[in-house]
Amino acid sequence: MGFSINNASANHLPGANITWTCNPSNPLEYTITLELYRLCPGTLGSFMNNVTTITNSCGFTNPSTPRWTHVGTPIDVNQLCPSATSNCGAGSDPGVWLFTYVLSAGWPDTTLTLPGDCDNWKIEFEFCCRNGPTNLWTNTPGNFGLNMIGASATLNTLTAPCNNSPTVTSGAIPYACAGIDFNYCIATQDIEGDSVAFAMVLPEGTFVGSPITHFAPYTAAVPLTGFVLDPVTGCFTFNEPTVGNYVVAIQVNSYDSIGQLISSFPYDFQVIVLACTNAPPTNPVSGITNFTGAGTQIDSNTFEACFGDTVCFDVVFQDADAGDTLTIVQDGTTVLPNSTFTQTGINPITGTFCWVAQPGYLGNVMTFTANDNACPIVGITSFAVDFEIGDGVYTGPDQIICGSQTAQLEAFGASSYTWTPTATLSCSNCPNPIASPSVTTTYTVTGNLSGICPNVSTVTVSVLAALTSSLSTSICQGDSSLIGGVYQNSSGVYNDTLTSIGGCDSVVVTTLSVNPTYLIPQVQSICEGDSILVDSTYYSATGIYDDTLSSSLGCDSIIRVTLTVNPAYVTPETINVCTGDSVSIGGVYYSTSGEYDDTLSTTLGCDSIIRVTLTVASQFVLNFSSSICSGDSSYIGGSYQTTSGIYTDSLIASGGCDSIRITNLTVGATNSSSADTSLCFGDSILLNGAYQTTTGLYVDSFLNVENCDSVVTTNLTVSSPLSVQMSNDTTIMSGATAILTASGGTTYSWSTGQAGSSISVSPTTTTSYWVNVSDSLGCINNAQVTVTVLPEEYAVYVPNVFSISSENLEHNRLYVYGRGVESLELKIYNRWGGNVYETNDASAATRSDGQCCSYGIGWDGTYKQTGEPLNSAVFAYTLAGFFSNGTEFYESGNITLTK
C-alpha cells in the first residue's frame, strides 16, 4: 500500500529541537546541536546564518551572532517497514531527512563558549517553513511568517554548571492510522542520570520564540483528538479521525537530585495521521508482570528499589491480527548500564528486563516499543516504566586479593560511615578505606540513614595463597620443551609462574631430562643404473641417507649411509655409408641403418659402452614448387630464372650420396588501379592503413590471388561542414503559436514529424524541438530550439542565468516573471550565505514580447543595487509570496551571473 504526506513546494519542515553537551575540561564551552527534520525529496544548506539569537538575564555580553554548520550526512528516519524504500532515495514511499547542525561563533569552530554562568541562557532559532500543519494557523494569506518553525533551549548553568541536556532517542515523525487508538512515548536519555519531566507547550514560529496558536477544536494541551500526556513518562495517547499533519510541542524539563530545574527545551514534531487500517499492537494490559527481586512494584508501570537490589519484570505485547509478528525495541539497557533484556514469542511477545540497582541512578524512565510487520506503515505502540532508586548503604561486589595485596573498599548512599572490623583497614569512618587482611575477612559498614533501604552493607575480601606444583618430563637430544614461556633444551629445573582462577600466582616446578641420540656411519658404492635399499627406500644417486631406529629410551638411533654411484660410460659414435656398403661393429658387419653397442669394462668394474649410430644413405630425388612475381628472379639449375618452367639441380646429400632436386617455377603478374570517393565533414574512411578525414591522394598495397602486389590509388574529397542557422529560444503564453525556422541545407526534418525550413508549434508546456538538416551531398547536421510556455492565469518563475552586458534590456537585469502575482519577497545570497540583493517590489510591467508580466525594476548584478559590480558566479535565491487568488508560492534555486 502506498501513501503520501501533504507537502506544498514551500512547506517542508515537520520538526526541530536543540540539545547540548558540555566540555568538562572547559566548563563554559558547549556543543549546541540543532536537529532539523525535512520531508523528502529535497535538502537543506550546509550553513544557516541570521536565524539565531542568544540572550541572558545576568548582564553578560551575548556571544556574537553565530551560525549553524551542518555535520555528518543526512539520515533517513522514516518509520517504514524494512522492505519499503522511501523517496529520500530511489523509492516512492514518503521519508524524512534528519539534518544535524552545530552552533559556533565562526568556521571552523564547532563549539560555543559562554562568557559566564547564568540561570537564563536562552538560545532561539527560526527557519522557513513548516510542513502545512493541519492544526495550526499557518496558511492564512498575509500571515506568511506563521509558516516559520522555531526551536529554543534554556540552560540554567549557574544552578547546574557544565550540565548536559537530555536527548530524545525515540523515532522522530510517527505515522498513525486515522480513527485508531495510538500510544507513543517520547523516550529520553540523560548521561548524568538527571530526572526528566514533560509538559505541553505552544509550538514556536516567527519572531524567534513567538508561539503559534491552534484553531478549534485543537489546543496546545490537546493537539489531536483525545490527546492525553503522562508528564512523568512522556507517553501520550490519542484517536484522531481526520487525516493530516499535526504539530505536537512537548517541553522536556530536566531536574537535579534535589528537584531544581536545570534546563528545558521544546521538542517540536509532527504526527502524520494517514488513511490506513492497520491496528497497532496493544500495550501490556496489566502493565509490568512477573515482578521479582528485592524491589517493590508500586503500580502498573512503577517500581522502587534500593542500591544492590536485583529487579526483574516482564512486559507483554499482543496484536489483534494473529498473523502479525511483533518485535520489541527498548532503551532500558542504554539508560541502565549492565542491565539485560530478552524477548520470547512473536504474538504475543514477552520482554524480560533485569537490573541490579547501582549508585548514580536515582530515578528515570525506560521505554518499550512494540512493532508489527505491516508494510509500508509499521504499527507501533509504546509503554514506559518509571523507576525510583531509594538511598541506602551499598558497598559493591565482593573482592579477591592474593597474598599481601590490598583491596580498595567503597561505600555509597550515606554521608557518614562506620566500618568493622577495623584492625586491617586504613580508616574506620571514611567512605573508601583500604583493606589489608591476611586471611579472608568480611567487613561491615553502617551509615547514618533512616528509611526503607538498608543502612548496613557487607563486603567480603577473599585472600588466596600462591599454589606450587611439580612436574617431571624428558626430551631427546636436539629437541626442546616450552617451559615458563621459553623453549628449553638442557637438563635442569625450571619454574613457570601462572595465574590461578582466583588471580593469584600458581608456580609449576618442572624437572627436565635430555636423553641422548645415536649416529652409526656406513659407506656403500654401486654402479650407475643400480640401486640400494635404505630405510625401506631404494636410492640410485650419490648422497647421505639415514635409516632411523629407536633406542631403549625412545630417542633416535640413526644408521647414516654414505652412498657413492660409480659411473658407467656410454660413448656415442656415428657412421654413415651409402646403399651397398657395410661396417664392422663389435666383430659383426652391419649394412642397414640402426644403433649397435660394443661393450667393454672400466677399472671400477662398471660397463663402458661404445654406441654406434649407423646411417645407410640412399640417392634422393626431391620435387619442389616455387613462385615469384613478375620482375623478380630465383636461383635454380645454376642460374637466375625469370620465366615459368621446370629446372633440375644435382647435389651431394649429407651422407655423401647423390641427391636430385626438381623445381617447378611459376612467375605471377602484378596489378594497379585507381578510384574516386567523397565524404561528409566529420566522417572518415580507412585508407593507407589509417582513418582519413581530409582531402588528398592515398595509396594502398594488397596481395592478389597469385600473392603479388595489387596497388590501389584513391582520390578522396571531403566536403565542408554543414552550417545550420536556427531561430532563437522563445517564450509564449499557453495557447499561443510560435514560428520556428531553420536554414543552411536543402531538406529539413523536425522532431514533430514536419518537414520544411519553417514550422508552427503551439505547445501547452515548455518544449524543446529538434531539426535534422541535410545538403545535396547527403551530409547531415542538427539544431535545437526551446519554447517556454507560461500558464494563462497564475505563474511565477526566475531565470537561472542573465548577463549584465546583454543588449536585450530584459536579459541584462534579473526579473521575476509570471502572471497574477499579488505580493513577493526575493532574496539573493552569495556562496557564503551573505545577502547581496533583496526586494518586495511586485509592480507589474508588460514584457518586451508583449506578454505579462515582469515584476519590479530587476536586479542589475551589483551589490545591493549600490553600483558595486559583482564577479561572475553562481548565487542562491529564495522567492516567496502570494498570487491574487490568495494561493501562496515559494521557490528556491541557483542563478548564474555572467559579464
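Leaving aside neighbours within four places in sequence, which residues is F269 in contact with? In this predicted model, the list runs to P14, G15, A172, I173, P174, I186, F236, Y246, V247, V248 and I250. F269 also ranks among the residues with the most contacts inside the largest nonpolar core. From there, the briefing moves on to a second core, some strand pairing, aromatic rings and disulfides.

**Nonpolar cores**

- The largest nonpolar core has 71 residues, and those with the most contacts inside it are I18, W68, F125, I186, F236, Y267 and F269.
- Strand β18, spanning residues 261-274, gives the most to this core, with seven residues.
- Two of the partners of F269, I186 and F236, are in contact with F269 and also sit on that most-contacts list.
- There's a second, separate core of 26 residues, and its members include F303, F353, M366 and I389.
- As a bit of background, nonpolar side chains in soluble globular proteins tend to be buried together.

**A four-stranded open sheet**

- Here the strand order is β19-β22-β25-β24, in an open sheet with antiparallel pairing.
- Which strands stand at the edges? They are β19 (289-293) and β24 (340-344), and each has a single partner strand, so one side of each is left without a neighbour in the sheet.
- On average, neighbouring strands of this sheet are turned by 15 degrees against each other, direction ignored.
- Edge strand β19 pairs with β22 (residues 310-317) over three bridges, in the antiparallel sense.
- Within that stretch, G293 stands opposite V311 in β22.

**Strand β62 and its partner**

- β62 covers residues 747-750 and shows two faces: Y748 and W750 are on the covered one, while T747 and S749 are on the uncovered one.
- Its link to β64 (residues 767-774) is antiparallel and uses four bridges.
- T747, from the uncovered face, stands opposite S774 in β64.

**Aromatic rings**

- The structure holds 30 aromatic pairs.
- One of them is Y794 with F883, a tilted pair at 5.8 Å centre to centre and 55 degrees between the planes.
- That pair links distant parts of the chain, 89 residues apart: Y794 lies in the loop between β65 (780-790) and β66 (795-797), and F883 lies in strand β73 (residues 873-883).
- Is Y794 buried or partly exposed? Y794 counts as partly exposed at 34% relative accessibility, whereas F883 is buried with a relative accessible area of 10%.
- F883 has another ring partner in F889: their centres are 4.8 Å apart and their planes sit at 45 degrees, so this pair is tilted.
- Both rings in the F883 and F889 pair belong to buried residues.
- Elsewhere, ring pairs link F291, F303, F313, F341, F353, W355, F368 and F387 into a cluster.
- That cluster ties in with other topics here: F303 and F353 are also among the residues of the second core.
- F291 and F341 are in the cluster too, and their numbers fall within the edge strands β19 (289-293) and β24 (340-344).

**Disulfides**

- A search of the whole structure finds 13 disulfides.
- One of them joins C81 and C375, with sulfur atoms 1.7 Å apart.
- This one spans a long way in sequence, 294 residues: C81 is in the loop between β5 (67-76) and β6 (96-104), and C375 is in the loop between β26 (363-371) and β27 (380-390).
- C81 is buried, with a relative accessible area of 5%, but C375 counts as partly exposed at 40% relative accessibility.
- C128 is joined to C129 by another disulfide, at 1.4 Å from S to S.
- C128 counts as buried at 12% relative accessibility, and C129 is buried with a relative accessible area of 0%.
- C852 and C853 form a disulfide as well, their sulfur atoms 1.3 Å apart.
- What is the handedness of the C852 and C853 link? With -40 degrees about the S-S bond, the link is left-handed.
- C852 is partly exposed, with a relative accessible area of 25%, while C853 counts as buried at 6% relative accessibility.

How values were computed
Residues numbered from 1 in each chain as written. Predicted model: local features only at pLDDT ≥ 70, side-chain atom pairs only at ≥ 80, totals over all residues. Heavy atoms only, no water. Pairing = 2+ DSSP bridges. Axes fitted to C-alpha atoms, helices over the stretch in contact; angles between N-to-C directions. Buried < 20%, exposed > 50% of the residue type's maximum accessible area, 1.4 Å probe, protein only. Phe/Tyr/Trp six-rings, centres within 6.5 Å; stacked < 30°, edge-to-face > 60°. Core = buried A, V, L, I, M, F, W, Y, C linked by side-chain atoms within 4.5 Å. Contact = heavy atoms within 4.5 Å. Disulfide = S-S within 2.5 Å.
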